[in-house]
Amino acid sequence: MSTVEKPDTAVQTNGGRPEAGQIPVENPATGQIIGHVEDMSAAKVEAIVARARLAQPGWEALGFKGRADVMYELRHWIVQNRERLIDIVVAENGKTREDAMLAELFYVCDSLGFWAKRAEKYLADQRVRAHSPMLLGKKVVVRYRPHGVVGVIGPWNYPLTLGFGDAIPALMAGNSVVIKPSEVTPLATMMIAEALLECGMPEDVMPVATGRGETGAALVDHVDMIMFTGSTATGKKVMGRAAERLIPVSLELGGKDPMIVLADANLERAANMAVQWAMSNSGQICMSVERVYVEEPVYDQFVSKVVTKVNRLRQGVPGEAGAVEVGAVTFPPQVETIERHIGDAVDKGAEVLTGGKQKTGAGRFFEPTVLTNVDHTMAIMTEETFGPTLPIMKVRDADEAVKLANDSRYGLNSSVFTRDVAKGEAIARRLDAGNSCVNDALMNYLAQEAPFGGTGESGLGTRHGRDGIRKYCSSQTILITRFGPKREPVMYPNSRRTTKLFEKMMVLMWGRKPK
Ligand code: NDP
């Protein structure tokens, strides 16, 4: 745990004077420095993991019920302290209060209850009925046991949901977890870690390793399993190191999620969805709508609806609930990426219908931007922009839309809008993506019973559902022979008679092709 500042004071400015070995945390909406955290060395990370390893058996020994009690206690704590926690999330990330409330606190509270209730069922021993005649009379059981110390490395766009959110199932499985939040947004995670101690979690079960990329790399060097959420480029590095150590890894990476709007769609709903999920959190969502394909007959109407709606969005420093729809750009270099994608598109013939520039003045804001006349020669249609941009492309028909939607190295989320839901589902099944929605977008993330993950460069492995907790465990298959003879038929000494017997059995069972 970083000891530099108490999270509950972290939102107060301290004049922005970093001490050696500390990282300043900025409010991207105001430019103020709101706290500092320790830039932990590799040696410190190693020591933290060692302590977490010592704490793990005691945590596991609490059993599902004991661990669930801590999760329920924390859920209550979050509800009681919601204003303070939202203040920190908003201050370090620059997102709106609504996004902090719904996509972070609400999700995390839901998730705490979800895993507290279901972990035991998902990880219960499984009796396996083995089909092999050689195993007649033997019992086969599969059990799941925690890896030990899991490292969770999170990004800055959803500091709680995508960091602590992944720690919850790992903890419920009986692991210790060392969380490495992004250096840009570490404060909310630190607050949760402090709260967990208040809620009865033993010391060192969920420490926070604050620092930069090097701190994250050091974590991969010492933990028993790594859960990483972030960019594809960093994900590849993490997997490379995990491969050297031969530890399991789960990667939730970038996306370039397509939305398809067919001519028979409810255009008002589709336009609302496109604007909401392209601009929410300033477009800094791995599964935000990053590109739209609209069938020719309704293209003009759809574009006009979208532009009208985008022009109505209020952008600025997030204050009270309901104050603004779009907040700040959290991570400074992101502005360059957004500008590069828009500039490249305009150079190649795209038209900016609204927005297109960084706002002047305090804080870091980028205008909600709509582009048309776009195509796949442009980075804005093929690379992850991670900004408040909505490029819309006209297509002849659904087949062209599917072809273009699949023309991507990513495959995270996707959506199709049509009043013909059977057709919508058929199109969804043709999309190369880990997740697809029909007449909806992003809401699949709330179905925590179902796996969420990406294909291609969007990642490996899934979160949520049964596999979302089993990945934090290794399986152990146990075979039990209760009444065994002194000698099994396959045992030494080898004999011609036994070999012939098995040969006959083989021919009898598998000698004929199935009809
Ligand atoms: P990064 O890949 O830059 O960073 C992610 C985390 O990894 C940060 O904590 C970072 O630390 C750390 N890190 C950096 N270098 C290393 C390293 N060599 N070894 C280990 N850890 C390292 O991603 P961003 O924070 O910029 O997040 C945005 C990206 O995350 C986008 O591409 C987005 O699509 C993706 N994302 C994917 C989601 C999904 O579920 N699929 C969800 C949300 C985001 P530090 O920040 O301190 O440098």
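Tutor: A polar contact is a pair of N or O atoms within 3.5 Å, and that cut-off is what we shall hold the ligand of this predicted model against.

Student: What makes the approach of Ala217 to the ligand a polar contact?

Tutor: A backbone N or O atom of Ala217 and a nitrogen atom of the ligand are 3.4 Å apart; the limit is 3.5 Å, so the pair counts as a polar contact.

Student: Which atoms of Gly230 and Thr234 can be set against that limit?

Tutor: For Gly230, a polar backbone atom is 3.2 Å from an oxygen atom of the ligand, while for Thr234 a polar side-chain atom lies 2.8 Å from a ligand oxygen atom. Both distances are within 3.5 Å, and therefore both pairs qualify.

Student: How much of the ligand does the protein bury, and which residues come nearest?

Tutor: Taken alone, the ligand exposes 910 Å², of which the protein buries 89%. There are 30 residues around the ligand, and those that come nearest are Gly154, Glu183, Ser231, Leu253 and Glu384.

Student: Turning to the helices, why is α4 called roughly parallel to α5?

Tutor: Helix α4 (residues 97–122) and helix α5 (residues 160–172) pack at an angle of about 10°, with their axes 10 Å apart. Angles under 35 degrees count as roughly parallel, so that is the term for α4 and α5.

Student: Which residues make the contact, and how do they divide by class?

Tutor: On the α4 side the contact includes Leu105, Tyr107, Val108 and Trp115, and on the α5 side it includes Phe164, Ile168 and Met172. By class, the contact of α4 with α5 has 13 nonpolar, 3 polar and 1 charged residues.

Student: Why, then, is α3 called roughly antiparallel to α6?

Tutor: Helix α3 (residues 82–93) packs on helix α6 (residues 187–198) at an angle of about 155°, and the axes are 8 Å apart. Since the term applies over 145 degrees, α3 is roughly antiparallel to α6. Here Arg84, Leu85, Ile88, Val89 and Glu92 of α3 meet Leu187, Ala188, Met191 and Ile192 of α6, a set that divides into 7 nonpolar, no polar and 2 charged residues.

Student: What kind of peptide bond joins Tyr492 and Pro493?

Tutor: The bond is cis, with omega about 0°, and Pro493 is placed in the loop between β21 (473–481) and α16 (496–510).

Notes. Residues numbered from 1 in each chain as written. Predicted model: local features only at pLDDT ≥ 70, side-chain atom pairs only at ≥ 80, totals over all residues. Heavy atoms only, no water. Axes fitted to C-alpha atoms, helices over the stretch in contact; angles between N-to-C directions. Helix = DSSP H or I, 4+ residues; strand = E, 2+ residues; numbered from the N terminus. Parallel < 35°, antiparallel > 145°, perpendicular 65-115°, else oblique. Contact = heavy atoms within 4.5 Å. Nonpolar A, V, L, I, M, F, W, Y, C, P; charged D, E, K, R; others polar. Near = heavy atom within 4 Å. Polar contact = N/O pair within 3.5 Å; in protein donor to acceptor, adjacent residues only side chain to side chain. Areas by Shrake-Rupley, 256 points an atom, 1.4 Å probe, with all protein chains shown as cover.
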